[in-house]
Amino acid sequence: MTQTTQTTQTTQTAQTAQTAGRMKRSPDHEDEILDVRGHRDPDRNRLTPVVQLPPETALAVVDALSGLVRAAHRDEGERPAPAGELKRAQVFEEGDVFMVEPPFPGFFADRYLMDFYDTAAREICSRMHLHTGLRFVRMMTGPDTTIRVSSLSPITVRPPTGGFAALSCFADDLPGTPDGVRRERHNVIVPPNSWVDMQIPRGVSHQFNAAGPNAVIDSVHPEESIETLREGMSGYRMMAQTIFLAKDRSPAATCADTGAPGTTSPR
C-alpha cells in the first residue's frame, strides 16, 4: 500500500474516526514518552494459555515463522522499499518485524510476525508502552526460552484451552521510574514450548521480553488504519502508534524470569 492510497482511505473515513479521540500529543513522533506517574490503565490485558507442544514441534514452528522475518529483513537490506511505499520489514524494541498482511481500503487491520530479541544476549529490556488501538497477540516459545509479559495493571489469566501447566505470575516494582516514584508491575511468564494469546485493549500498558533464542509473536492489529487517521498521522507507520512509559530501556536483569510458579492473576 502506498502512502497516497492510505491518505485517500483515511480522508474518506475522517469524520467517523475522529470521534474516537486522540491519544498522542505529536502524531508522527515514533518515541513519544508519557509520564508514568499519571498513567492509569483504562482496562486489563487478557491472557489465554492455548497449548504446550513437544520441544521439537515448538522449535519447528518458531523457526519457520522467525525465518520469514529474517528473510524479509535480508530482502529489505538488498532491495529497500521505494520511497512512499509501505516498508514491511521493520524494527521494534522487542524484535525484528515482518508485516505479513498489510491493510487496504475497506480492511483496516494488519498482521505481523516478530522475531524476538534475546534480552539476556542484548543485556537490555524493552520499555513498558501502550498503543493507540487494540491488539491481539499470539506469543510462541521454543526450547530454553521464556517470555515475560508485564503490565501496570493485573493481567487477567483466562482458563487454558487445553492441558497447560500453571503459569508463573508475580508483581514487582517497575524499573526506571523517576526518583521517589513507585509503580507496581504485574508479570506473567510464558514457559518454553508454549502458545499464549493476549488481548490488549486500547491504551493499556504492556511489555514483552524474551529470555532465550526461540520466541516469536504473531500479532493482529484490528484497527491499524483507523489509528493512523484518529491520531492525525501524516502516513502509515506502526511505531508512530506506540507511546512509551519510560525514556530509557533498563538492564536485562529487570525483565529476567524471577517469578514463583503455580500462581495466577485475578480474573
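Start with helix H5, where Glu-224, Ser-225, Ile-226, Glu-227, Thr-228, Leu-229, Arg-230 and Glu-231 are buried. That is eight of eight residues, so this helix, spanning residues 224-231, counts as mostly covered because buried means under 20% relative accessible area. Notice that the list includes Glu-224, Glu-227, Arg-230 and Glu-231. Just past the end of H5 sits Gly-232, with a positive phi of about 80 degrees. Keep in mind that what you're looking at is a predicted model.

Now step back to the whole chain. The protein chain has five helices and 14 strands. Its length is 267 residues, and 50% of them count as buried. How much of the contact network joins residues 24 or more positions apart? Taking contacts with a separation of 6 or more, the share is 81%. As for the outside, the accessible surface comes to about 11,900 Å², with 53% of it belonging to carbon and sulfur atoms.

Helix H3 is a good place to go next. It covers residues 55-78, and at 1.5 Å a residue its 24 residues should span 34 Å; the end C-alpha atoms are 34 Å apart, so the two agree. Which of its residues are buried? They are Ala-58, Val-62, Leu-65, Ser-66, Val-69, Ala-72 and Glu-76. The spacing in that list makes sense on general grounds: an α-helix has 3.6 residues a turn, so residues three or four places apart point the same way. And what do the buried residues of H3 pack against? Their partners are strands E2 (89-91), E3 (95-101), E4 (110-116), E6 (135-141) and E13 (215-221).

H3 also turns up at the second largest pocket, which holds about 180 Å³ of space. Among the 13 residues lining that pocket, Glu-76, Arg-79, Ala-81, Arg-88 and Ala-89 are the closest to its centre. H3 supplies the largest share of the lining, three residues. Glu-76 therefore appears twice in this story, as a buried residue of H3 and as one of those closest to the pocket centre, with buried meaning under 20% relative accessible area. By class, the lining has seven nonpolar and six charged residues, and no polar ones.

The largest pocket has a volume of about 210 Å³. Eleven residues line it, and the closest to its centre are Glu-30, Lys-87, Gln-90, Tyr-236 and Arg-237. Its lining splits into five nonpolar, two polar and four charged residues.

Then there is the enclosed space. Rolling a probe the size of a water molecule over the atoms shows where empty space is left. Here the count is four cavities of 30 Å³ or more. About 150 Å³ lies in the largest cavity. Of the 18 residues around it, Phe-92, Glu-94, Tyr-112, His-129 and His-131 lie nearest the centre. Which elements give two or more residues to this lining? The contributors are E4, E5 (129-131), E6, E13 and E14 (242-244). E13 gives the most, with three residues. The lining as a whole is made up of nine nonpolar, six polar and three charged residues.

A few single residues deserve a look too. Thr-119 lies in helix H4, which runs over residues 119-122. Is Thr-119 buried or exposed? Its relative accessibility is 8%, so it counts as buried. Leaving aside neighbours within four places in sequence, Thr-119 is in contact with Ile-124, Cys-125, Asn-209, Ala-210, Ala-211, Ala-252 and Cys-255.

Glu-123 lies in the loop between H4 and E5. At 61% relative accessibility, Glu-123 counts as exposed. Its phi is positive, about 60 degrees, although it is not a glycine. Most residues other than glycine have a negative phi, and most peptide bonds are trans. Asp-144 is another non-glycine with a positive phi, near 60 degrees. You'll find Asp-144 in the loop between E6 and E7 (146-151), and its 69% relative accessibility makes it exposed.

Finally, Leu-167 sits in the loop between E8 (156-157) and E9 (168-173). Despite being in a loop, Leu-167 is buried, with a relative accessible area of 5%. Its C-alpha atom is separated by 6.4 Å from that of Ile-189, 22 residues apart along the chain.

Conventions
Residues numbered from 1 in each chain as written. Predicted model: local features only at pLDDT ≥ 70, side-chain atom pairs only at ≥ 80, totals over all residues. Heavy atoms only, no water. Helix = DSSP H or I, 4+ residues; strand = E, 2+ residues; numbered from the N terminus. Buried < 20%, exposed > 50% of the residue type's maximum accessible area, 1.4 Å probe, protein only. Contact = heavy atoms within 4.5 Å. Areas by Shrake-Rupley, 256 points an atom, 1.4 Å probe, with all protein chains shown as cover. Expected span 1.5 Å × (residues − 1). 1 Å grid on protein atoms, 1.4 Å probe; cavity = no way out; pocket = protein on both sides within 12 Å on 5 of 7 lines; lining within 4 Å. Points joined across faces, edges and corners; volume = space filled by probe spheres on them. Nonpolar A, V, L, I, M, F, W, Y, C, P; charged D, E, K, R; others polar.
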